[in-house]
Amino acid sequence: MTEMPISSVRKRPDWTAPAGAVLTALLIALGGWQLGHGLYIKAKAQLAQMLLDSAWEDSLRTGTPHKAWAWADAWPVAQLSVPRLEISEIVLSNASGEALAFGPGHMSATDLSGKGLSAIAGHRDTHFSFLKELRSGDRIVLTTLEGGRTVYSVTGTQVVDAATTTLDPAAGNGLVLVTCYPFDAVARGSLRYLVIAKQVIS
Amino acid sequence: MRSLPHRSAQDTGPRDAIVFIAALFATLVAVTGLLTVAARADGAAARNGLVTLNDVQSGTLLLKSKEPGKYVPAPLLATDAKIEVTGPMARARVTQRFINPGDGWVEGKYVFPLPEDAAVDTMKMIIGERIIEGQIKEKEEARRIYEKAKAEGKKAGLLEQQRPNVFTNAVANIGPHESVTIQIEYQQTAHRDGDRFSLRFPMVVAPRYVPKEAAAPQVVDFAPGSGWGTTQPDRDDLPPGTAHPDNAKDLTQPPVLDPEEGKVNPVALQVSLEAGFPLGKVTSSFHKVDIQRIGKEGAKLSLAEKVVPADKDFELVWEPAETAAPTAGLFRETVDGEDYVLVMLMPPSGAAQPKAKPREAIFVIDNSGSMAGASMPQAKAGLLFALDKLKPEDSFNIIRFDDTHELLFPQPVRADRENIAVARKFVNGLSADGGTEMLPALKAALADRTPGDAAHVRQVIFLTDGAISNEKALFEEIARHRGRSRLFTVGIGTAPNSYFMRRAAEAGRGSFTHIGDLAQVKSRMADLANKLEHPLVTDVTAQWPDEARTESWPDPIPDLYKGEPVMLAARMDKAQGDLTLTGELDGKAWQVRVPLDAGETRSGIGKLWARRKIAALEAERLMSRDYEKADAEILNVALEHHLVSRRTSLVAVDVTPTRPDGEPLESRDMPVNLPEGWEFDKVFGESAPAPVMHKAMRAAPTAMLASAEGPIADTAQDRGLALPQTASDAPGLIRNGLFTLLAAFLLMLLWRRVTRRG
């Protein structure tokens, strides 16, 4: 009976220890997964652009679309560059969530020949984070297999709510770059940041 | 002993409390993390919706709301259709009345279907007593004319083709409580299957999403006869387990009315039928009709209910009386000094069914990731059904493909019981995964080891959803290496790339079958199997008297299966001399001579020819890379024959402005009914992305965007592209990851302190 307090003191961590260890391990695993996955998304975005670059070179050389990897469901259709910011991105054939993980995507219901309205969407936290630095008058160069090289000049930017706004693909000639807004938000939202550019007649 | 826990609890209480608080904090952080994961899943669902909107090829989906009264301020529409059938030709006059019940000026837009082979040639706008005839113009020009008239406050109508079988009709500047009537006319041919003639008047554009449980077969039927296709099949591979990939890409979709709100768009319909032979049974497949016989060969029909909601297609079927239907038909028309002829010829059939040749069947099955979900079981069931239909004297092989491909047997084997058993096991073991590399599989399927073998018919049966990127390469492969093989495409799932598959089957001289759900597998595959077993006449060729100056479609002429007539439309300088059709029937040469000058004159033959030529040019355009040349030719043909096409529209403008300056114009889309048998919630779901609401596109040149503002805008609908989700989870994940690790670290420290003290 008298030993009991001692043994009880020794035994006390018995319920906290495993629980604490398990909880800590769980948290480390969860945190590690979250951090790792977040970094993986960023890394994937970077790496994919490198692979896409070479696929795009192939496409330009042969005049036919080339996929960057065999199982890709989107393929490079254009190159988007902003000379002032030294930005160059390969644009993929659609703006599905899957494609956007690898690069900006062309909203395929819009034009890509330079003769109508082209819209390209990209992630605000990777490929299209540079959109916040675009100013009126900036040149954007879009090179496509169909339409060759088209130069646009930024005419303005606009923040809209995707829940109440849509894009009219027949609204004329120009380029619209779409990304989420605000740029540093953590959660997804319905606000979109649009960069609107007009074709430069050369 | 009893008291011990008490004591220890008292002693360690505060420390335990700290651990507890830390654990709570950690749990909170972890929950935040999990919530992010959950939000991500939600996001994925919403994204799927948006992706689909975003990928619509022409125009876009217009959204719907379930709120009662949603469409109250929208213009109303009434449709009256009159169809005249003479022989195999039908001419339809569709009158649509746009009524504005509101107090403002509106623009009404209506999306409506027409038969795929409809040659739309006339549009009239009727305002009071005046009739304004629509002019055929290049699409962009027509739109400019329309937009200009709209901005100037003039009444204007614009009829555009969205897909070969989906058209939009827009009317600008309908005043308060005013109505404007638009009348369109088109020409088509009756469908013939054996002695059965039929005609379809589509009434509703089916929403892209086919609910599995609620599909009424006749409504879901839309796909086989439609051009729901895409020139850029940029479909996303959905993760396995995604129950209903919502990925029809290419319909312009009008707002769909919740049936709870009652039906709109009443339709009245009348048909006058002159069969050209003694009539037997005349039936309407889906609507109650009053039929009045006129003489032996004619009938007049109208809907028994006078007016029905436009929620299911109208189909009329007629058969000859005891005497057999004519086996040949020849109709001609002279337009601008050139002769056009339409030839219809039934090959011999009936009791003396020719013995079918043994077949060499090559099945190709797509087991790529895009087939995951409901599609794979359908494809498997279809293939298993087809295997059962093989006879021991047939031979077969199976090729499966994703981003790799694999032949079941190194070469085609006899369809004996053992081989079929091996094949069944192989098919049952297939699962959907990986990318879609169709070309190598197609090459393997077309590789014919015995190209000269005339004793067997070689059939390639391709089961896929057609989620592919390299259509042109595939068409080239088919055209170049088809040889004696015939290509039959079977489109799987609710939204297969039927445009590609239909054209592929045409290039491969076979046919296209669509299987929309598991319940259809049996009937559709049975129809196909019946066809496959009885190729009646093969290698049909036509020799025209003046071969060099005759242009005839389709080209090449497809094989004929049981019940199918040869249908040719041709243009030549002078329809005289004999057309000779040759082919192979039951292993013997088959030849028929048609004296061209014997044809009966009918108007509209030239337009039908032009419609067929445009269809052929559209297919060619995909194969050759010369888009501009093909487009220019399509434009020429369409302008010459006054037809609406992908490149041309009909536009009518009233010269007098009616809308006073300063009065705003609101743009409204006409809601359409959900096809009968469909459930609103199943099609659109509770979790459909938030309705995209917007205002009229302003005429200002810079107005690329239309945003919703004010109470009216909330109910206004317009065409536009949804903006996709463009944030990745990376920042949130990284933040939460860091927080969670920090929490873990804190917890570890606390726990150490606790244990050390202990």
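**Exercise 1. Strand β1 of chain A.** Determine how well strand β1 (residues 76-82) of chain A is covered, and which strands it pairs with.

*Solution.*
Step 1. Start with burial. Six of the seven residues of β1(A) are buried, so the strand is mostly covered by the criterion of 20 or more other C-beta atoms within 10 Å. The model is a predicted one.
Step 2. Find one partner. Strand β2 (residues 87-92) of chain A pairs with β1(A) through six bridges, in the antiparallel sense. Within this pair, A:V91 of β2(A) stands opposite A:A78.
Step 3. Look at the link. Four residues lie between β1(A) and β2(A), and the two strands form a hairpin. In the turn, A:E86 has a positive phi of about 55°.
Step 4. Find another partner. Strand β5 (residues 139-144) of chain A also pairs with β1(A), antiparallel, over four bridges. Here A:Q79 has A:T143 as its bridge partner.

**Exercise 2. Two chains in numbers.** Give the secondary structure, burial and contact range of chain A, then of chain B.

*Solution.*
Step 1. Chain A holds three helices and nine strands. Their order from the N terminus is α-α-β-β-α-β-β-β-β-β-β-β.
Step 2. Chain A has 202 residues, and 45% of them count as buried. Take its contacts with a separation of 6 or more: 52% come from residues 24 or more positions apart.
Step 3. Chain B has 14 helices and 39 strands. Of its 758 residues, 51% are buried.
Step 4. For chain B, contacts between residues at least 6 apart in sequence join residues at least 24 apart in 76% of cases.

**Exercise 3. Helix α11 of chain B.** Test the length of helix α11 (residues 627-640) of chain B, and locate its buried side.

*Solution.*
Step 1. The helix has 14 residues; at 1.5 Å a residue it should span 20 Å.
Step 2. The end C-alpha atoms are 20 Å apart, which agrees with the expected span.
Step 3. List the buried residues of α11(B): B:I634, B:V637 and B:A638.
Step 4. Look down the axis. These buried residues fall within an arc of 95°, so they line one face of α11(B).
Step 5. Move past the helix. B:H642 follows α11(B) and has a positive phi, near 60°.

**Exercise 4. The nonpolar cores.** Describe the largest nonpolar core and the origin of its residues.

*Solution.*
Step 1. The largest core has 97 residues. Those touching the most other members are B:V120, B:A156, B:V341, B:L342, B:V343, B:V566 and B:V651.
Step 2. Helix α10 (residues 605-623) of chain B gives the largest share of this core, seven residues.
Step 3. Domain 2 (76-226 + 261-319 + 648-690) and domain 3 (327-352 + 538-640) of chain B each supply at least three residues to this core.
Step 4. Another core, of 50 residues, lies apart from it; among its members are A:L92, A:A95, A:L167 and A:Y193.
Step 5. Return to B:A156. Beyond its neighbours within four places in sequence, its contacts include B:Y146, B:A172 and B:V651.

**Exercise 5. An open sheet.** Identify the edges of the open sheet β30-β28-β32-β33 of chain B.

*Solution.*
Step 1. The sheet has four strands in that order, with antiparallel pairing.
Step 2. β30 (560-561) and β33 (588-595) of chain B each have a single partner strand, so one side of each is left without a neighbour in the sheet: these are the edges.
Step 3. Check one pair. β28 (residues 535-543) and β30(B) are joined by two bridges. One of the residues involved, B:V537, has B:L560 as its bridge partner.

Conventions:
Residues numbered from 1 in each chain as written. Chains lettered and ligands numbered in written order. Predicted model: local features only at pLDDT ≥ 70, side-chain atom pairs only at ≥ 80, totals over all residues. Buried ≥ 20, exposed ≤ 12 C-beta atoms within 10 Å, placed from the backbone. Contact = placed C-beta atoms within 7 Å. Expected span 1.5 Å × (residues − 1). Arc of directions from axis to C-beta. Core = buried A, V, L, I, M, F, W, Y, C linked by C-beta atoms within 7 Å. Domains from an automatic or database assignment. Pairing = 2+ DSSP bridges.
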